[in-house]
Structure formats: structure tokens, C-alpha cells
Amino acid sequence: MTVLVTGAFGLVGSATVKRLAADGRRVVATDLDVPANRKAAAALPAGVEARYADLTDAAAVANLVSAVEPEAIVHLAAVIPPFIYMNKPLARRVNVDGTANLLRAAEKQATPPRFVLASSIAVYGSRNPHTVEGVLTPDTPTNPADIYGANKVKAEKLVREANLDWTILRLGGVLTVDLGAYTKLDNAYFEGLLPTDGRLQTVDVRDVAWAFGAATTAPVIGETLLIGGDDTHRHVQGDVASAMAAAMGLVGGVPAGLKGDPKSDGDWFNTDWMDSSRAQEVLGHQHYSWPDMLTETAEKIGWKRYLLRATAPLAHQLLKRRAPYYGTGKIYADPWGAIAEKWADPRPEAEDL
Ligand SMILES: NC(=O)c1ccc[n+]([C@@H]2O[C@H](COP(=O)([O-])OP(=O)(O)OC[C@H]3O[C@@H](n4cnc5c(N)ncnc54)[C@H](O)[C@@H]3O)[C@@H](O)[C@H]2O)c1
């Protein structure tokens with residue numbers, strides 16, 4: 001079975017390509033034609049073919065799909081936070097129009113492929129843990145708070161209306177034990193502006209990859225599934241980065257941010273705990289618990305943990321001064337305001353809804 005994976009050199013894409021190849025599938029990995037991706041292509045698992053296309057180019061997408069003739073498409077390519085906030089027009093073109101281009105090309109195939117879309121729990125919008133009831137389910141009403149969630153709602157609608165078999169996977173907070181991912185300062189800044197007591201369900205990227213692989217063949221056509229890790233992945237936001245940092249040796253290295261305002265439902269980030277039981281039942285994706293991830297992270301960094309441990313107080317001081325609310329006098333986190341200040345207004349515009 002041939003599977004076409006878009007966004008194949010991204011965080012989720014790389015893991016998904018590996019998973020599918022390990023399962024013996026014929027995989028075509030597609031992404032933008034940029035030097036970093038050309039370099040990454042050299043390290044693809046044996047037998048995986050790389051093809052380059054910009055999903056905003058309808059003709060290039062049509063050529064790609066007709067040349068590959070996939071039996072399934074795993075559509076991961078997207079512009080995501082925090083960089084999405086800097087360029088809303090590009091986000092619309094990639095996240096919404098790019099999805100439409102891919103769907104139109106897929107529908108034209110003699111046998112249209114199964115289409116598996118990567119969506120996000122960002123579709124649910126701001127989640128105040130003091131006032132929401134229960135955990136997220138596929139039936140929780142969508143209510144996007146930012147351009148990202150709004151793009152995903154639109155992409156989902158396009159998929160549901162398309163003339164082919166589809167499955168939508170809404171992902172929680174995807175984490176990896178690959179250490180390079182944690183060295184990006186913009187990501188640390190972004191995490192630092194989120195309410196520390198906001199609820200977040202994480203999931204190991206390898207389990208996300210498993211879910212996408214399984215969704216290309218499992219009896220899940222027409223279903224929207226929530227992809228989170230097991231119950232050990234239910235955290236409050238402020239515990240995640242500090243636990244990961246501690247696993248690397250940076251004990252106490254990450255300064256505490258601010259809690260969210262219990263009285264303001266709109267001032268929370270779009271994450272929450274989720275009911276992944278249906279996904280686990282049909283896809284069986286949960287293999288890496290949170291303690292497993294921390295242990296593996298510590299093992300990967302090895303003896304360097306001791307060096308990092310010595311630098312933790314310095315890291316704490318540096319990160320504290322770079323933190324989003326440093327010197328602002330704010331009592332509660334203001335995630336959307338802080339995003340607007342650092343990048344741009346994150347809210348969807350009328351045309352996004
Ligand atoms: N990472 C998370 O925590 C998370 C959470 C929820 C949902 N998701 C969704 O999962 C999917 C994968 O996310 P990720 O974390 O791997 O993101 P990523 O940014 O690492 O990868 C996205 C890939 O899409 C590619 N891309 C962007 N524009 C393109 C274009 N015009 N044409 C072709 N390719 C293009 C990029 O080059 C990149 O390789 C996305 O759809 C994202 O919205 C991710």
C-alpha cells in the first residue's frame with residue numbers, strides 16, 4: 001500500500017514516515033523544496049521516496065497525487081504556532097487552501113485514497129479549567145480562539161465534505177525525546193506565556209505516528225478521534241517544561257510563569273485534557289507514558305546531565321529575564337495579549353470563521 005505523507009520532514013512527519021516504513025508500507029514523503037528538507041531526505045529510511053511540492057500550488061499538488069497514486073494520504077503539512085501568528089495570509093493559504101488542493105487532487109483519482117487529516121485540539125479554543133466541565137471529547141463544540149484553531153475547523157469541514165473516505169485526528173501536545181527540539185528559544189518563550197495551571201494532555205510523537213499509520217487502514221472511516229497519551233500525560237502546563245528540563249539535568253532551570261485568571265474564560269490557551277479512549281480502542285497508539293519519556297530523555301543526555309545541572313541556576317536567571325511577563329507587573333497570564341505583543345494578533349478574522 002502506498003501512503004503519501006505531507007509535511008513529511010516536520011516533527012510529526014518524520015516520525016510518521018519512519019513508522020509507516022517500519023510497517024512495510026511504500027511511503028512517499030513530500031514537503032517544501034528547501035535545503036533543510038533536501039538534507040533530511042538523505043536520512044530517510046531505505047525505500048522511502050522524497051518528492052517536493054508546495055501545497056499552495058494546485059497544479060503541483062495535482063501532479064504529485066496523480067504521479068504517486070496513493071491508497072492513503074496522511075496530511076500533516078501546516079503552518080503552526082507560534083510562527084503562524086506572524087503571517088495569517090500564508091496560514092490560510094497553507095492550512096485551508098492547501099488542504100483543499102490536496103482533496104481536489106485526491107478526489108480525481110480513479111480510486112480516491114483514504115484521507116487522514118492532522119487537526120488539533122486548538123479547534124476548541126480557550127479552556128478555563130475552573131469553569132469547563134469534564135474533558136474534551138470529539139463532540140465538545142468547537143470554538144476557536146486563534147487563527148490556528150480557525151484554520152483547522154475550516155480544514156476539517158473541507159475534509160468532511162470531500163468525496164472520499166476520511167478520518168480526522170485531533171492531536172494534543174506533541175512532545176519528543178529528541179533533545180534538539182528543546183533548544184529553540186522562541187518555543188521556550190511561547191511556553192512561558194501560557195497559564196501555568198492550564199490543563200494539557202501530551203503525547204509522544206512516536207505514538208502520534210502510530211496513530212496516523214493505523215488510521216490509514218483501521219475501521220475508522222468518517223470518525224474524528226482525539227490523540228493524546230495515556231492518563232500519565234495529563235498535566236498542568238507549568239509542570240511540563242520544568243519536568244523535561246529536570247530530566248535533562250536543568251533542575252529548577254525553568255522559571256515559573258503565571259497562573260491563568262479563573263474569572264476570565266477567554267484568557268486561557270487552547271489546550272485541555274482529552275478523552276482518547278476511542279482512539280486507543282481502534283488505533284492502539286499509546287505506548288510511551290510520561291515517566292517513560294522522562295527516563296528516555298535522561299538516558300539520551302547521559303553524563304552531560306551533570307554539566308547541565310551545574311548551569312541550572314544561570315539558565316534560570318537568563319530565562320527569567322527573557323520571560324514574557326518579566327517586569328510587566330501582571331498578576332495573571334495573558335496568553336493572547338502576550339502573543340500579540342511578541343508576534344502579532346492571533347485572533348481569527350471574519351474571513352477565518
Ligand atoms: N506539534 C504539535 O504539538 C501539534 C499539535 C496538534 C496538531 N498538530 C498538527 O500536526 C501536523 C504536524 O505538525 P508538526 O508539529 O509536525 O509541524 P511542523 O511545523 O514540524 O511540520 C509541518 C511541515 O509542513 C511543511 N509545510 C509547511 N508549509 C508547506 C507548504 N506550503 N507545502 C508543503 N509543505 C509545507 C513544513 O515544511 C513542515 O515540514 C500539523 O498539521 C499540525 O497542525 C501538531
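Helices, in the numbering used here, are DSSP runs of at least four residues, counted from the N terminus. In this predicted model, Met244 is one of the residues placed in helix 8. The relative accessibility of Met244 is 3%, so this residue counts as buried, the limit being under 20%.

Helix 8 covers residues 237–247, and its axis comes within 8 Å of the axis of helix 10, which covers residues 290–301. The two axes cross at roughly 40 degrees. On the side of helix 8, the contact is made by Val240, Ala243, Met244 and Ala247. Helix 10 contributes Trp290, Met293, Leu294, Thr297, Ala298 and Ile301. Of the residues in this contact of helix 8 with helix 10, 9 are nonpolar, 1 is polar and none is charged. A distance helps to place Met244 in the model: Ala60 lies 184 residues away from Met244 in sequence, and their C-alpha atoms are 40 Å apart.

A second buried residue is found elsewhere in the chain. Leu76 belongs to the loop between strand 4 and helix 4. Leu76 counts as buried because its relative accessibility is 12%. Which residues does Leu76 touch, not counting residues up to four places away in sequence? They are Val5, Thr6, Gly7, Val12, Gly13, Thr16, Ala118 and Phe212. Gly7, one of these, is 69 residues from Leu76 in sequence, while the C-alpha atoms of the two are 5.0 Å apart.

The loop between strand 4 (72–75) and helix 4 (88–107) also holds Pro82. Pro81 and Pro82 are joined by a cis peptide bond, with omega at about 0 degrees. Another backbone feature occurs at Glu69, in the loop between helix 3 (58–68) and strand 4. Glu69 is not a glycine, yet its phi is positive, at about 45 degrees. Most peptide bonds are trans, and most residues other than glycine have a negative phi. Glu69 counts as exposed because its relative accessibility is 55%.

Next come the charged side chains. Side chains of opposite charge can pair when their charged atoms come close. How many salt bridges does a search of the whole structure find? The search finds 22. One of the pairs is Asp33 with Arg38, with 2.8 Å from N to O. Asp33 is partly exposed at 47% relative accessibility, and Arg38 is partly exposed as well, with a relative accessible area of 46%.

Glu223 and Arg278 form another salt bridge, with an N to O distance of 2.6 Å. Glu223 sits in the loop between helix 7 (205–215) and strand 9 (224–227), and Arg278 sits in helix 9 (residues 277–283), so this pair ties together parts that are 55 residues apart in sequence. Glu223 counts as buried at 19% relative accessibility, whereas Arg278 is partly exposed, with a relative accessible area of 32%.

A further salt bridge links Arg347 and Asp345, whose closest N and O atoms are 2.9 Å apart. Arg347 is exposed, with a relative accessible area of 51%, and Asp345 is partly exposed at 32% relative accessibility. Salt bridges can also share partners, and in this way Lys88, Arg92, Glu349, Glu351 and Asp352 are joined into one network.

Asp275 lies in the loop between helix 8 and helix 9. Asp275 counts as partly exposed because its relative accessibility is 30%. Leaving aside neighbours within four places in sequence, Asp275 is in contact with Val135, Leu136, Thr137, Leu226 and Arg234. Glu71, in turn, is 204 residues from Asp275 in sequence, and the C-alpha atoms of these two are 29 Å apart.

The last stop is on the surface. Trp303, Tyr306 and Leu307 make a nonpolar surface patch of about 430 Å². Leu307 is placed in helix 11 (residues 304–322). Is Leu307 buried or exposed? Leu307 counts as exposed because its relative accessibility is 52%, and the limit for exposed residues is over 50%.

Methods:
Residues are numbered from 1 along each chain as its sequence is written. This is a predicted model: local features need pLDDT of at least 70, side-chain atom pairs count only at pLDDT 80 or more; totals for chains, interfaces and linings use all residues. Side-chain values use heavy atoms; hydrogens and water are left out. Patches are made of residues with over 30% relative accessible area and no salt bridge: like charges are joined within 9 Å, nonpolar side chains (Val, Leu, Ile, Met, Phe, Trp, Tyr) within 5 Å. Accessible areas come from the Shrake-Rupley method with a 1.4 Å probe; for residues, only the protein chains shown count as cover. A salt bridge is a side-chain nitrogen of Lys or Arg within 4 Å of a carboxyl oxygen of Asp or Glu. Helices (H or I, at least four residues) and strands (E, at least two) are DSSP runs, numbered from the N terminus. Buried means under 20% relative accessible area, exposed over 50%, partly exposed in between (1.4 Å probe, protein chains only). Axes are lines fitted to C-alpha atoms, for helices over the stretch in contact, and angles run from 0 to 180 degrees between N-to-C directions. Contact means heavy atoms within 4.5 Å. Ala, Val, Leu, Ile, Met, Phe, Trp, Tyr, Cys and Pro count as nonpolar, Asp, Glu, Lys and Arg as charged, and the others, Gly among them, as polar.
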